[in-house]
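Welcome! Please open the structure in your viewer and keep the selection tool at hand.

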Amino acid sequence: MPAPERLPAPGVTDPGDIEELLAEGELTVVGRIREASNAVLLCTVTRDGTSTECVYKPVKGERPLWDFPDGNLARREVAAYLVSRATGWDLVPATVLRDGPYGEGMVQQWIASAGPEGESPEGALLALVEGEEAGDGWKPVALAEVGEGRTALLVHADDPRLRRLSVLDAVINNGDRKGGHLLPATDGRLYGIDHGVTFHSEDKLRTLLWGWAGEPLTDEARDTLTRLAADLAEGAPLATRLAELITTAELAAVRDRVAHLLSTGTHPHPSGQWPAIPWPPV
């Protein structure tokens, strides 16, 4: 089933109001998004005369993952949203945990999309270029095979939205930041989606956004991480909520990753313990 245009909730712009609509509204399944590896259902949610489209991922539709034996993907998606909200960058669409037609699952706001890489070359986020130089406005990631023994350089835009997302991914330990999980919205904002394989206590970071590896964090990122460290302190509201969604060891690892980023002051390098780029990359 082709994905329809993503529509915002009419008249609803405050994240708290969107969360309430997603959590309390009547959820109606419209269809299934078949391209996904797990059950992903397109729905409408309606409350007090306001209706919008959303995604519902029931826990019952998740495929077990041997390397993520604890918890479930739905709760990790909600945890990623909560951390995103705490940064103030709001890089993840509003996401809640609730009961639905097929049991507990995550429900996420469906965002109006400008396409997976923007509507024009000027708005592209990822590209393959000839040669070994990324060019102005681009950051190199890795050489990629493009067929017939040829290679091209995979690059991503030197975009402050992507840079913030790379910091968020380092915090939540995102094991699957591929091109198809980058969602440029029609209002110019950028969202990241599909955060089911996050928050592992071991280093699982796999991403296409390695272009800043080893570079100093921006002042904005350092300030944001400093605030986030306080929000993750024992007894703080964010830490209390995350403790309901991920394990004690995983929550401790989040704190350690934030502290490490602040200590080094730089974007992380790949661990070298496994492939640093997810497959497939798109």
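This tour of a predicted model visits some helix contacts and then a cavity.

**Stop one: helix 2 and helix 4.** Select residues 73–87, which form helix 2, and residues 219–231, which form helix 4. Their axes come within 9 Å and cross at roughly 125°. An angle between 115 and 145 degrees counts as oblique, and the two helices are therefore oblique to each other. The crossing is right-handed. Now show side chains: Val 83, Ala 86 and Thr 87 of helix 2 make the contact with Thr 224, Arg 227, Leu 228 and Asp 231 of helix 4. Colour them by class and you should find three nonpolar, two polar and two charged residues.

**Stop two: helix 2 and helix 3.** Keep helix 2 on screen and add residues 160–172, helix 3. Here the axes lie 11 Å apart, and the packing angle is about 130°. That makes helix 2 oblique to helix 3. This crossing is right-handed. On the helix 2 side, pick Ala 80, Val 83 and Ser 84; they meet Leu 168, Val 171 and Ile 172 of helix 3. The contact has five nonpolar residues, one polar and no charged ones.

**Stop three: the cavity.** How many cavities of 30 Å³ or more does the structure hold? There is one, and about 90 Å³ of space lies in the largest cavity. To see its lining, select Ser 166, Asp 169, Ala 170, Leu 205, Thr 207, Leu 209, Trp 210, Trp 212, Ala 213, His 267 and Pro 268. By class, these lining residues divide into seven nonpolar, three polar and one charged.

Technical notes
Residues numbered from 1 in each chain as written. Predicted model: local features only at pLDDT ≥ 70, side-chain atom pairs only at ≥ 80, totals over all residues. Heavy atoms only, no water. 1 Å grid on protein atoms, 1.4 Å probe; cavity = no way out; pocket = protein on both sides within 12 Å on 5 of 7 lines; lining within 4 Å. Points joined across faces, edges and corners; volume = space filled by probe spheres on them. Nonpolar A, V, L, I, M, F, W, Y, C, P; charged D, E, K, R; others polar. Axes fitted to C-alpha atoms, helices over the stretch in contact; angles between N-to-C directions. Helix = DSSP H or I, 4+ residues; strand = E, 2+ residues; numbered from the N terminus. Parallel < 35°, antiparallel > 145°, perpendicular 65-115°, else oblique. Left-handed = near helix turned anticlockwise from the far one by under 90°. Contact = heavy atoms within 4.5 Å.
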